[in-house]
Amino acid sequence: MATLASPNGLLFREARWPDDYARVCDVRQPSSFVAQADSSGPMGRKLQMSEEEAFERRVAARLGSALRDQAVVLLALQPDAPGEPVLGTVDCIPLPQGKGRRALAPDLPARYLLRNLWVAPAMRRMGIARRLMAEAEALARSRHVTMLELEVMPGNGAARALYADLGFRPAEEAPAWMPAFLQGSIQLVKDVDVDAGY
């Protein structure tokens with residue numbers, strides 16, 4: 001996927017590892033517990049470690065799941081600011097053909113699971129999330145992946161409205177008898193026309 005400029009001057013591209021480790025770690029919260037520099041160890045003592053080990057642990061805490069899942073991480077960058085800061089990200093995780101989350105769910109084609117859609121708070125409501133989702137769809141199309149999948153909590157109305165506007169639909173309807181508080185996250189999917197644009 002090429003680096004693309006947008007009308008508002010942002011650049012959208014795939015993360016390049018290990019070059020982008022530090023800039024992505026600057027905006028990601030830890031997703032798993034990894035003892036890091038200056039955290040408390042046994043008996044309340046501060047952990048001491050080399051700069052290299054501290055950096056490796058920081059990457060493991062913030063990017064470990066993306067790297068393990070072989071995700072393509074898409075970035076929105078501000079190229080005219082010092083250090084080209086990351087203003088948004090989304091992970092695209094390849095999933096094989098097969099069942100969704102439930103044993104009785106319909107079979108789904110090979111697809112990308114979209115996770116960790118994030119935009120810097122000061123840059124929200126400027127179309128960056130929408131553009132990252134369009135870049136994820138373009139990535140899928142370029143690799144002949146025919147479906148995108150994501151999960152959203154029922155109470156996240158803003159995200160659900162965005163995803164519906166982008167053409168996502170429930171992978172399966174919850175049983176009518178199941179109360180909303182028991183449903184958990186909603187699995188949404190979108191078909192990708194791999195022939196569009198070619």
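The largest pocket here holds about 670 Å³ of space. Bear in mind that this is a predicted model. Besides that pocket, strand S3 is worth a look: six of its six residues are buried, so the strand is largely enclosed by the rest of the structure.

**The largest pocket**

- Its lining takes in 24 residues, and the ones nearest the centre are Leu-117, Ala-129, Ala-159, Leu-162 and Tyr-163.
- Chemically, that lining splits into 16 nonpolar, three polar and five charged residues.
- Four elements each chip in at least two lining residues: strand S7 (111-119), helix H3 (128-142), strand S8 (147-152) and helix H4 (157-165).
- S7 gives the most, with seven residues in the lining.

**Strand S3, inside and out**

- S3 covers residues 72-77, and with six of six counted as buried (under 20% relative accessible area), it ends up largely enclosed by the rest of the structure.
- Neither face is left open: Val-72, Leu-74 and Ala-76 are buried on one side, and Val-73, Leu-75 and Leu-77 are buried on the other.

**Who S3 pairs with**

- Strand S2 (residues 11-14) pairs with S3 in the antiparallel sense, over four bridges.
- For a spot to click on in that pairing, take Arg-13, whose bridge partner in S3 is Leu-75.
- Strand S4 (residues 86-95) also runs antiparallel to S3, and six bridges join the two.
- In that pairing, Leu-74 has Val-90 of S4 as its bridge partner.
- Both of the S3 residues picked out in these bridges, Leu-74 and Leu-75, are buried, and they sit on opposite sides of the strand.

Technical notes
Residues numbered from 1 in each chain as written. Predicted model: local features only at pLDDT ≥ 70, side-chain atom pairs only at ≥ 80, totals over all residues. Heavy atoms only, no water. 1 Å grid on protein atoms, 1.4 Å probe; cavity = no way out; pocket = protein on both sides within 12 Å on 5 of 7 lines; lining within 4 Å. Points joined across faces, edges and corners; volume = space filled by probe spheres on them. Nonpolar A, V, L, I, M, F, W, Y, C, P; charged D, E, K, R; others polar. Buried < 20%, exposed > 50% of the residue type's maximum accessible area, 1.4 Å probe, protein only. Pairing = 2+ DSSP bridges.
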